[in-house]
Amino acid sequence: MKGLVFLSVFLVAVYSQKLFIGDQVLRIKAENDEQISILQSLETQEHLQLDFWLHPANPEFPVDIRIPFSNVQAVKVLLESNNIQYSVLIDDVQAVLDEEQHELEVNQKRERLTKSFNFGAYHKLETIYGWMDTLVTQYPNLVSKINIGSTYEGRPMYVLKFSTGGNKRPGIWIDTGIHSREWVTQATGVWTANKIATDYGRDSSITTLLNSMDVFLLILANPDGYAFTHSNNRMWRKTRSKTSGSCIGVDPNRNWNAGFSGPGASNNPCSDSYHGPYAQSEVEVNNIVTFIQQHGQIKSFISVHSYSQLLMVPYGYTCDKPADYQELENVGKSAASALKSLYGTSYQVGNICDVIYPASGGSIDWSYDYGIKYSFAFELRDTGRYGFILPANQIIPTAQETWLGLMHIMQYVQAHPY
Amino acid sequence: QPTWVDPAFPMKELNTSHYPATRAAKVAEHYLNYHHGSPSKWFMVHAIERATSEDIPEVGTKYHIQFSVQEQATKKIVENCIAEILFRQTEGQSTPEVNCTCDDLLKIKTSDADHALYHHIKHQPHLVTGTDIPDSQGNIPKEMEPLWYLGGIGASFIMWQQSNESTLYNMAHIHNVKQLNSENDLLAFDYVVLLHEMVSQVKKKKNHSSICPSII
């Protein structure tokens, strides 16, 4: 016994923290007042160094005691010889503390990972996919990851779902990176996903929004193209599908079933605006269409591109204005104002056909004609000085200002159910 | 406030957010950069205040644009630019005819910086070269910035020449730049640049040479 006590003291002296190796917590059920008295007398036995978590008062309530390792046997013998019932609540207090510490460290590491992720840099596909997993782990009650299907080259297409529950709540769809060379859009998608997750519960607007609507964010809408911009050609725009001849890829924003093969799209497979052999020929486009249709409650569809600093509404396949044009233009103008309020970045607003060019087979024309009234397309910074190769130090300012525009649209959508 | 030109032919007021105005203004931007740009002076259209177009029978379409530009190095905004851009009706491509003046353009003085650059390059032991400007992440080393600007100016000449009502050009990337040997006081560079044409989404690789005289 004396040797054991000496060892405990030695251990305590070596480590700066107090350790509880082998200490046990017993839960004692006293049957009568006599047993209570015995337990109360134990409290006065200072040499036992008993730590009463629940003090003996009356037989109705359990008595919990943490007993230092060296005295565990002695106390148990005493209880048994007095026929006092007990059970072991904690077999080894230190083990519990160690587990707690480990969990704390794991959580801190996770938080550091999501917080230390450099949102002001462009990342490879694998890095973004890895980061998405850490976001889901960090915010399991808000964020989940849905695989909506594979790309031409077999990569998964992951949509992040932001939801606080409910049963198929109305949703808002946002996609970035459908044209792979528009790197600021994927980077904005990552920043935005993080923004939504971290602001929920802290910012009243996003909290109110997510209490009645879900947000679906497809950060890499063209993963094959994105991988190719890293490995081979920074200026790659299309998918990587092999159709006919020697040229690869289809323009995924000319491939939707909306005025397909009309103006502004090429039937030449070598063209950067090749519409493809038929509408929805691209599995990437097909995956999104299938998801949207199966969901059935998407109320807003927002596609994010770069560059030109534009906020556009349908149509691109015709210069005729959609029935809801006035309302959409108004929402767009207010959203552009909100965006501009941050850093003074000017956006032009209007229908695709008049603002930039006639362009058939586009995503927001499809979504609008499908019945998703609040369909918008962003063209982010800049206006041509850097163009597609926007310096990484502009990612966060771009994402921050775009967020104001997106929030305006999303709040409007929530306030105008249909 | 500039007085608006009295058109000889029916004039159409253009929406300043729509592409006919923005494409014409971009042509004026290329023209300005070619004529007034330098390794420390690069203009981008800032805002279009007013735009009109005249259809001139048998000739083409003439645009009048009132706009402001922003100089990219100093961030100074130059208001009251007026440009007249004539796109001729021709068989193939023809260079748009441009007249463009901005009130305070000449107030942006970069001659000191340009002279300093000239002397710096002139006294380098080796011929200057550069590749991949900007890199994939959009980075441009500080010492390469003047060469990026210079490349942009040279490219502006080509973009101006190649423009019509169905194009919108920007310089996307400089593949490489090589300083050429020159026996006289001039500095000469050979560039391979990538141009991005917005409407067709075509990327065009172009070669151009820029001459940097000792007096600008």
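Contact here means heavy atoms within 4.5 Å. With that in hand, B:Leu117 touches B:Pro39 and B:Pro146, leaving out residues up to four places away in sequence.

## Ground rules

This is a predicted model, where local features need pLDDT of at least 70 and side-chain atom pairs count only at pLDDT 80 or more, while totals for chains, interfaces and linings use all residues. Residues are numbered from 1 along each chain as its sequence is written, chains are lettered from A and ligands numbered from 1 in the order in which they are written, and side-chain values use heavy atoms, with hydrogens and water left out.

## Two leucines in chain B

Back to B:Leu117, which sits in helix α2 (residues 111-122) of chain B. Helices (H or I, at least four residues) and strands (E, at least two) are DSSP runs, numbered from the N terminus. B:Leu117 counts as buried because its relative accessibility is 17%; buried means under 20% relative accessible area, exposed over 50%, and partly exposed in between (1.4 Å probe, protein chains only). B:Glu29 is 88 residues from B:Leu117 along the chain, and their C-alpha atoms are separated by 24 Å.

B:Leu86 belongs to strand β4 (residues 77-88) of chain B. At 9% relative accessibility, B:Leu86 is buried too. B:Leu86 and B:Ala24 are 62 residues apart along the chain, with 9.0 Å between their C-alpha atoms. Beyond four places in sequence, B:Leu86 touches B:Ile56, B:Val59, B:Gly60, B:Thr61, B:Lys62, B:Pro96 and B:Glu97.

## Helices side by side in chain A

Over in chain A, helix α5 (residues 125-138) packs on helix α6 (residues 183-199) at an angle of about 5°, and the axes are 11 Å apart. Axes are lines fitted to C-alpha atoms, for helices over the stretch in contact, and angles run from 0 to 180 degrees between N-to-C directions. That angle makes α5(A) roughly parallel to α6(A); the label covers angles under 35 degrees, with over 145 counting as roughly antiparallel, 65 to 115 as roughly perpendicular and the rest as oblique.

Which residues make the contact between α5(A) and α6(A)? From α5(A) come A:Ile128, A:Trp131 and A:Leu135, and from α6(A) come A:Val190, A:Ala193, A:Asn194 and A:Ala197. They divide into six nonpolar, one polar and no charged. (Ala, Val, Leu, Ile, Met, Phe, Trp, Tyr, Cys and Pro count as nonpolar, Asp, Glu, Lys and Arg as charged, and the others, Gly among them, as polar.)

## Salt bridges

There are 21 salt bridges over all chains, a salt bridge being a side-chain nitrogen of Lys or Arg within 4 Å of a carboxyl oxygen of Asp or Glu. One of them joins A:Arg27 to A:Asp64, with the closest N and O atoms 2.8 Å apart. This pair links distant parts of the chain: A:Arg27 is in strand β1 (residues 24-29) of chain A and A:Asp64 in strand β3 (residues 63-67) of chain A, 37 residues apart. A:Arg27 is partly exposed at 30% relative accessible area, whereas A:Asp64 is buried at 5%.

Helix α6 of chain A has a bridge of its own, A:Lys195 to A:Asp199, with the closest N and O atoms 3.0 Å apart. The two residues are separated by about one helical turn, because they are four residues apart in that helix. A:Lys195 is partly exposed at 22% relative accessible area, and A:Asp199 is buried at 15%. There's also a network of salt bridges linking A:Asp23, A:Asp51 and A:Arg66.

## An arginine without a bridge

A:Arg240 is in the loop between α8 (223-231) and α9 (283-295) of chain A. What is the nearest side chain of opposite charge to A:Arg240? That's A:Glu153, 4.4 Å away, and A:Arg240 is buried yet has no salt bridge. (Lys and Arg count as positive and Asp and Glu as negative; His and the chain ends are not counted.) Sequence neighbours up to four places away aside, A:Arg240 touches A:Tyr152, A:Glu153, A:Asp224, A:Gly225, A:Phe228, A:Ile248 and A:Gly249.

## A serine in a loop

A:Ser346 lies in the loop between α10 (325-343) and β11 (348-351) of chain A. With 27% relative accessibility, A:Ser346 counts as partly exposed. Outside its neighbours within four places in sequence, A:Ser346 is in contact with A:Gln309 and A:Lys340. A:Ser244 is 102 residues from A:Ser346 in sequence and 41 Å from it in space, C-alpha to C-alpha.
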